[in-house]
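Me: I'm just starting out with protein structures, and I'd love a close look at one part of this one. Please pick a strand and walk me through its surroundings.

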Amino acid sequence: MHNFLPIAYFEGQFRDFNDAKISIATHALHYGTGAFGGLRGIPDPQHPGQVLLFRLDRHSQRLSTSARLLNYDLPAETIQSVLIDFVKKNQPQVSFYMRPFVYTSDLGISPRLHQVEKNFFVYGLELGDYLSPEGVSCRISSWYRQEDRSLPLRGKISGAYITSSLAKTEAVESGFDEAILMNSQGKVSEASGMNVFIVRNGRLITPGFEQDILEGITRDSILTLARDLGIEVVERPVDKTELFIADEVFLSGTAAKITPVRQVETYTTPTHRPITTLLRDKLTAITEGRDPAYDPWIFRVAL
Ligand code: PMP
């Protein structure tokens, strides 16, 4: 059970998390017609009374885009200002994760996106490491990542997470920690809730947007950081075999941060991970507000 933050934003107001409840007839519950975001907040160790939010603008924009795909006009500025107020109301003292959610809030049946009431809520929970920072084992999933011609993969559409859920459970119930999904072309797409990177001969390689991946904000940050550090970066289709022979493999996401992969199927990945470690240390310093060069990525909320 999670430790939830005490205050939620629900139906246009801040209220006790325990009082923020939806009806069993809620449209989105039946049809998966919601979309969510996920951001971490960290109390600034250097400046007590401040909370650091990583790339708040990008997260707000992505959720607004997801909302648009659901036929819901919700400006990024509205999302951003609710998230800032949410942090102030909760006064968090430990690291946490915020989950904003847009959804068809109408009561009633018939799958559609037009002429159906929508709404937006936010809640939060305390969150440490989502995956083991020591490294995880990954199974190649028997489930394939969906295609953009079937549903909009540029949004974090809640209904799409049935595939992630199937893949994760299959992986865990067969003794692995995480799943890596191929796309319909048989190329590497992403993990259940993270993007995938490999390192080969000093080059950082990750599947491009055309591989049916989610446009990960951590992924984007890693690509910028790597380029700034002088690491050669390539976005291209990745074969399954490359996961087995890579010098380094890691997963990236807001919850997972940078998580090394120690094994893919029966293949063990080397434990010497210079690029993964360099990028992880750098990203950690940035998210904790310790790297002035990347200060524009940090939004400081004064409690
Ligand atoms: N892929 C999927 C399917 C995800 O759910 C997530 C988590 N949001 C990611 C990738 C990583 O995205 P981000 O770095 O923006 O958290």
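Reply: What follows is a stroll around one strand, its partners and a cavity. First, a heads-up: this is a predicted model, where local features need pLDDT of at least 70 and side-chain atom pairs count only at pLDDT 80 or more, while totals for chains, interfaces and linings use all residues. Residues are numbered from 1 along each chain as its sequence is written, and side-chain values use heavy atoms, with hydrogens and water left out.

Let's go to strand β9, residues 178-182. (Strands are DSSP runs of E with at least two residues, helices are runs of H or I with at least four, and both are numbered from the N terminus.) Five of its five residues are buried, so β9 is largely enclosed by the rest of the structure. Buried means under 20% relative accessible area, exposed is over 50%, and partly exposed is in between, using a 1.4 Å probe and protein chains only. Glu178, Ile180 and Met182 point one way from β9, while Ala179 and Leu181 point the other way.

Now for the neighbours. Two strands pair if DSSP finds at least two bridges between them. β8 (residues 136-140) runs parallel to β9, joined by three bridges. Arginine 139 sits opposite alanine 179, and isoleucine 140 faces isoleucine 180. Together, β8, α4 and β9 form a right-handed β-α-β unit: with the strands pointing away from you, the path from the first strand over the helix to the second runs clockwise. Four of the five residues of β8 are buried, so β8 is largely enclosed too. β8 also pairs in parallel with β15 (residues 257-264), over three bridges, and there serine 137 has glutamine 263 as its bridge partner.

Back to β9: it pairs with β10 as well, this time antiparallel, over three bridges. Methionine 182 has valine 188 as its bridge partner there. The hairpin of β9 and β10 has five residues between the strands, and glycine 186 takes a positive phi near 85°.

Finally, the cavity. On a 1 Å grid over the protein atoms alone, that's a set of points where a 1.4 Å probe fits but cannot get out, and lining residues have an atom within 4 Å of a point. The structure holds one cavity of 30 Å³ or more. The residues lining the largest cavity include Leu181, Thr163 and Glu190. α4 (161-173) and β10 (188-191) each supply at least two lining residues.

Notes:
1 Å grid on protein atoms, 1.4 Å probe; cavity = no way out; pocket = protein on both sides within 12 Å on 5 of 7 lines; lining within 4 Å. Points joined across faces, edges and corners; volume = space filled by probe spheres on them.
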